[in-house]
Amino acid sequence: MIDQSNRADGDWSIQVSTLESLDENADVALVVYGDLGQSGSILLGAPPGKKIFTAGNNLSLGSTADPSWKVKDVKMIDLNTNETLVFPFSKWLSKVQEDRETMREQPVRKNGEPVLPLVRYHVILTTGKEPGSETDSNVYINIAGEKGDTGRRMLLQSNNVSKFKVGQTDIFHVEAVSLGVLQKLTIGHDGTMAGQGWYLDEVVIREFEDAKEEYIFPCEKWLDTGEEDRKIERVLYVKEVREVHPSVEPEVSTIQEEEEEPPKEGEWKLWVTTGGKEDMSTLNRVMLYVYGSNNVAGPMVLGSGKEGHFQAGATDEFKA
């Protein structure tokens, strides 16, 4: 029971409704943005002896691994005025479900309509062509504009099978409440050992895929503990806002697709899908045997993880 006399301005009750249960070992944090800034990370913990974030549970909270959690909505109730704000989600926060995002945003709604739009930012990263430019490290970004920032977002799902290769352009999507005019971004990775560095050429951001203009953030520096100033995180500022022309659309991949030849007799096409968790990928060479009623074919070498195949959550196509 809450003592009415101890309530202060800015005290809120938080209610979280769950559709699919969350791993008990995972932590959930909430960040609230307002006219005067942001709340910082609020860790949502359970009352003694009570489980939280289980399917169908609607839990009232005070502001005091590999998770997968489907959240229905979040409600915030002002304890002084009883004003109620509802943030509908009905989405997964998961590294293996839907778009593999573990952070979600929703705008405040007035009379059922969002005050600000939800934007799916189109983030285009180009890795340098210098020897050793590529990285297998986990890369993150925080995009900031006149209305706030996205918070740190892991860049997990590229348009390419393998991310951040030499001279390659990778495209990611970051969903967030509109930031207004973009101003800067912070980008970095977790690779601190030799050989884990990365040379970033530039970052280009559009408010959506078919936007008429794009923000250019040049870098042209190493993010490497053994190069230049040894930093693995950099703050980049907008150099220019450039009009997008069809002739300068970024390529989906640095690898040109070859025209598909007509199938030969006895030729099969196969698709191999690797599990979504990061430890399910492999760098090893994979071979296939096919058994029929009269014979066996194989071994047929499909390729290896070192060639960009068999990455977590990816589907590879082969001919046999």
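**Exercise 1.** Work out whether Lys 269 is buried, partly exposed or exposed, and find its salt-bridge partner.

*Solution.*
Step 1: Lys 269 has a relative accessible area of 32%. Buried means under 20%, exposed over 50%, and partly exposed in between (1.4 Å probe, protein chains only), so Lys 269 is partly exposed.

Step 2: Now for the partner. A salt bridge needs a side-chain nitrogen of Lys or Arg within 4 Å of a carboxyl oxygen of Asp or Glu. Lys 269 meets Glu 317 that way, at 3.5 Å, N to O.

Step 3: Glu 317 sits in strand 24 (residues 315-319) and Lys 269 in strand 21 (residues 269-273), so their pair ties together parts 48 residues apart in sequence. Strands here are DSSP runs (E, at least two residues), numbered from the N terminus.

A quick word on the model: it's predicted, so local features need pLDDT of at least 70 and side-chain atom pairs count only at 80 or more, while totals for chains, interfaces and linings use all residues. Residues are numbered from 1 along each chain as its sequence is written, and side-chain values use heavy atoms, leaving out hydrogens and water.

**Exercise 2.** Find which residues are networked with Lys 165.

*Solution.*
Step 1: Grab one pair: Glu 134 and Lys 165 form a salt bridge at 3.9 Å, N to O. They're 31 residues apart, each in a loop.

Step 2: Add Asp 136, and you've got the network of Glu 134, Asp 136 and Lys 165.

Step 3: Check exposure: Glu 134, at 34%, is partly exposed, and Lys 165, at 24%, is partly exposed too.

Terms used. Helix = DSSP H or I, 4+ residues; strand = E, 2+ residues; numbered from the N terminus.
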